[in-house]
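Me: Before I use any label attached to this model, I would like to go through the reasoning that leads to it. Could you take my questions one by one?

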Amino acid sequence: MGLVTLVVVGHLLALLPSDGPGGRTYDFVYLWHMPAFVFLSGYLSRGFGYTPARLWQLVTTLLVPYVLFEGALAWFRINVGHEHLSDLWTDPHFPLWYLLAMVAWRLVTPLLRPLRGGVLVAVGLSVAGGFLLTGDWTRWLDAPRIVGFLPFFVLGLKATPEALEWLRGRFAAVVGVATFAALWVAAGSLDEWASRDYLYQRPFALLDDPTSTAVLTRLLVLLAGVAGALAWLSVVPRIGGWFTRMGSATLVVYLFHGFLVKELEYLGFIEWAHDRPWLGLLAAVGIGVAVALGLAAPPARRVLERVVDPFDVAHRRVREAVQLTGVVHEQERETTDAGLVAAGR
């Protein structure tokens, strides 16, 4: 639940001036937040295989919500916000690219998970994508970002509970805090050694840096993302409770929060926060947390899940039964909420 809450907070931070405290906080969060999200998505996808049931789940829990919410959010932005959009469904808008990314990443899971050196292959593809995915490819299904974040997903596929065990303990937590401190410093000077475009895995042709600099900077950003993802896993509490249980509503929060963020933008939140940098930062964080918790609350979740997953009533009943008994089966964790991560456990 922790990471999907940061998704909402991050989209609100994006509305704040980039040269203020909100801008630095945004850069800090996005240096490691999406890498951690993708890493845990990969970790929970380790059991994916080319079986009819698993392939059908890609359709019902990822592709169908993508088609529905891409259209719904576009309608909202056009008719409520009077925005001008184009290339619907072929160029994902706002946060919906992640659904297509999960489809692509899971389809290559049976190939890359057993592959020796799979992480290095994924890094090579990420760098190669910076060269190859230009022109029309920059918009087609957000392919540059899907390929660019692939190393984090493969790293999650390769991880095991035993391998991650060393992240538990006081020493690992201290190292994690120190890592976050270093990333905070790095975020303060992001424009000097990278830019936000690198956080979005933009093609090299769209960057102002020479090719060699762009390649090295992408590798450095990938390394920072891995460090931040591991730091998160080392410092996040591993306890149960109401916040952890809300993680079952990850996909609900992910798909519905965009409407609320856009509505705040249309109501003038950007203009209001421009002259109130610190108050705007506090408001963005507070509203983001409140939105995430509100959407994940059981009353809202029970209603909204019917829209998110209308074809899988039986799966919802099994999930509710699992939550009531407190037993989380491995396969259930892998398929719950379309593989989006109920992080913060």
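The exchange below takes up confidence, overall make-up, one helix and its core, and then single residues.

Me: What kind of model is this, and how confident is the predictor in the chain?

Reply: This is a predicted model, and the chain has a mean pLDDT of 87, with 89% of its residues reaching 70 or more. Among the elements of the chain, helix α7 (residues 150-158) has the highest mean pLDDT, 97, while helix α19 (residues 330-335) has the lowest, 42.

Me: Where does pLDDT stay under 50, and how many contacts beyond four places in sequence does the model have there?

Reply: That stretch is residues 318-345, for which the model has 77 contacts beyond four places in sequence.

Me: How many helices and strands does the chain have, and what share of its residues is buried?

Reply: The secondary structure comes to 19 helices and 0 strands, and buried residues make up 53% of the 345 residues. Of the contacts between residues at least 6 apart in sequence, 79% join residues at least 24 apart. The chain exposes about 15,700 Å², of which carbon and sulfur atoms supply 67%.

Me: How do you know that the end-to-end distance of α2 agrees with its number of residues?

Reply: At 1.5 Å a residue, the 23 residues of α2 should span 33 Å, and because its end C-alpha atoms are 33 Å apart, the two values agree. The helix nevertheless has a kink of about 35 degrees, centred on Tyr30.

Me: What makes α2 a mostly covered helix?

Reply: Of the 23 residues in α2, 22 are buried. Helix α2 (residues 21-43) also gives the most to the largest nonpolar core, with 13 residues.

Me: Which residues touch the most other members of the largest nonpolar core?

Reply: Among the 96 residues of that core, they are Trp32, Trp97, Tyr98 and Trp105. For Trp97, leaving aside neighbours within four places in sequence, the contacts are Met34, Pro92, Trp105, Asp142, Arg145, Ile146, Phe149 and Tyr254. In soluble globular proteins, nonpolar side chains tend to be buried together.

Me: Why is Thr25 called buried?

Reply: Thr25 is found in helix α2, and its relative accessibility is 15%, which is under the 20% cut-off, so Thr25 counts as buried. Not counting residues up to four places away in sequence, Thr25 touches Leu13, Trp184 and Leu281.

Me: Why is Asp91 called buried?

Reply: Asp91 has a relative accessible area of 12%, and because buried means under 20%, the label follows. Asp91 is found in the loop between α3 (52-79) and α4 (97-112), where it touches Tyr66, Glu70, Arg139 and Leu141, residues up to four places away in sequence not being counted.

Me: What makes Leu260 partly exposed?

Reply: The relative accessible area of Leu260 is 40%, which lies between the limits of 20% and 50%, and therefore Leu260 is partly exposed. Leu260 lies in helix α14 (residues 250-266) and touches Val291 and Leu295, not counting residues up to four places away in sequence. The C-alpha atoms of Leu260 and Gly288, which are 28 residues apart along the chain, are separated by 9.6 Å.

Me: Why is Val303 called exposed?

Reply: With a relative accessible area of 54%, Val303 is over the 50% cut-off, so the term exposed applies to Val303. Val303 is found in helix α17 (residues 298-308), and its C-alpha atom is 9.9 Å from that of Val252, the two residues being 51 apart in sequence.

Technical notes: Residues numbered from 1 in each chain as written. Predicted model: local features only at pLDDT ≥ 70, side-chain atom pairs only at ≥ 80, totals over all residues. Heavy atoms only, no water. pLDDT = per-residue confidence, 0-100. Helix = DSSP H or I, 4+ residues; strand = E, 2+ residues; numbered from the N terminus. Contact = heavy atoms within 4.5 Å. Core = buried A, V, L, I, M, F, W, Y, C linked by side-chain atoms within 4.5 Å. Buried < 20%, exposed > 50% of the residue type's maximum accessible area, 1.4 Å probe, protein only. Areas by Shrake-Rupley, 256 points an atom, 1.4 Å probe, with all protein chains shown as cover. Expected span 1.5 Å × (residues − 1). Bend = angle between axes of the 7 residues up to and from the residue.
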